[in-house]
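Trainee: Got a minute to go through this one with me? Let's start with the fold and then move inward.

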Amino acid sequence: MTKTYRGLTAFAAAFGLATMAFAHGDVAPQPVNTDALPDVGEEWLIENPYRAAAAGDEVWWTAVTIGDSAYNQNCARCHGLGVVSGGLAPDLRFLEAAEYGDEWYAERFQHGYTQDGTTKMPAFGEVLGQKAAWAIRTYIETRPEDGALDAHTARLSAIRDQLVGGSGDQAVLKEELMAIALEVKTASGAPVADSAAKRAALALDGSPEGAKHASDALTIGLSAAH
Ligand code: HEC
C-alpha cells in the first residue's frame, strides 16, 4: 500500500500546487502540437495563412480544431472560455478578420503587453510559435457572434433527440445542419463560422459513432447558448 499511497500523495500535492498556480494567474504556457498544419516559415507573417480562401477548407478546419484547444489552454483564463470575454481582457471575437486585425493580433501574440512594469499579457511568440499563433487566430475569428444559434435552438435540439434515439436519415440531417451552419455569422467578419451545427454536420458519417459525436456537439453547443 505504502508505495501507491505515496504516489497518490505526490500526485495530489502536484495537483494542489498546479491549482494554486492557476489561482494566481501564473500558468506555464501549454505546448501545442501543430504537426498537422502546413509550415509557414520562420519570419512572422502579417496575415493569417490558414484561412480557407488561402489554404483550402481542410487546412482551415484543422487550424480551427487545433486553435480551439490551444486557445482554451493558453488564452481563455484571461480572454474567456470560447472567446466570450468576461471583462478581464478584450473580447477577441471582434478583431477584424483581415490584414489589419491580423497584424495587431500577431504583434500582441508575439510580444504580449506590459504596462508600468507589470505584465498584463505574457508574450507567446517564442514559446508557442507561429503555427500555433495562426491556428489560434483561425479559431478566434470563426467564433459565432452572440446569440447566433438562437433562431435554430428548437430545431437543433429536435435533431439532437433524433440522433440520440437513432432515428432520422443521417444524410438528410447532415444537409440540414450544413444549411443552418451557413447562416451563422461571425463578429470578426470571417465568412464562415465554427458552430455546433457545423461540428455536428461534419461528424455525421453514417455510422453510430458519427451520430454520437454529432449529438454530443449539439448538446455542448445548446448548453453553451443558455
Ligand atoms: C494573463 C492574461 C492574458 C492571457 C493569458 C492572454 N492575454 Fe491577451 N490580453 C490581455 C490583456 C490584459 C490585454 C489588453 C492589453 C491592452 O490594453 O492592450 C490583451 C490583449 C490581447 C490582444 C489585443 C486585443 C485588442 O483588442 O486590442 C490580443 C490579440 C490578445 N490579447 C491575444 C491573446 C492570445 C491569442 C492569447 C493566448 C495565446 C492571450 N491573449 C493570452 C491578457 C491576457
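Trainee: What pattern does the chain follow along the sequence?
Mentor: Reading along, α-α-α-α-α-β-β-α-α-α-α-α. That comes to 10 helices and 2 strands, taken as DSSP runs (H or I, at least four residues; E, at least two) numbered from the N terminus. This is a predicted model: local features need pLDDT of at least 70, side-chain atom pairs count only at pLDDT 80 or more, and totals for chains, interfaces and linings use all residues. Residues are numbered from 1 along each chain as its sequence is written.

Trainee: Which residues touch the most other members in the largest nonpolar core?
Mentor: Ala63, Ala135 and Ile136, out of 25 residues. Such a core joins buried Ala, Val, Leu, Ile, Met, Phe, Trp, Tyr and Cys through C-beta atoms within 7 Å. Buried means 20 or more other C-beta atoms within 10 Å of a residue's own, placed from the backbone.

Trainee: Which helix gives the most to this core?
Mentor: Helix 6, with 8 residues. Helix 3 (57–74), helix 5 (99–111) and helix 6 (125–141) each supply at least two.

Trainee: Is there a second core, and which residues does it include?
Mentor: A separate one of 19 residues includes Leu149, Leu156, Ala181 and Ala197.

Trainee: Switching to the ligand. Which residues are closest?
Mentor: Cys75, Cys78, Ala89, Pro90 and Met121, among 18 that surround the ligand (C-beta atom, placed from the backbone, within 6 Å). Helix 4 (76–79), helix 5 and strand 2 (118–121) each give two or more residues to that shell.

Notes. Buried ≥ 20, exposed ≤ 12 C-beta atoms within 10 Å, placed from the backbone.
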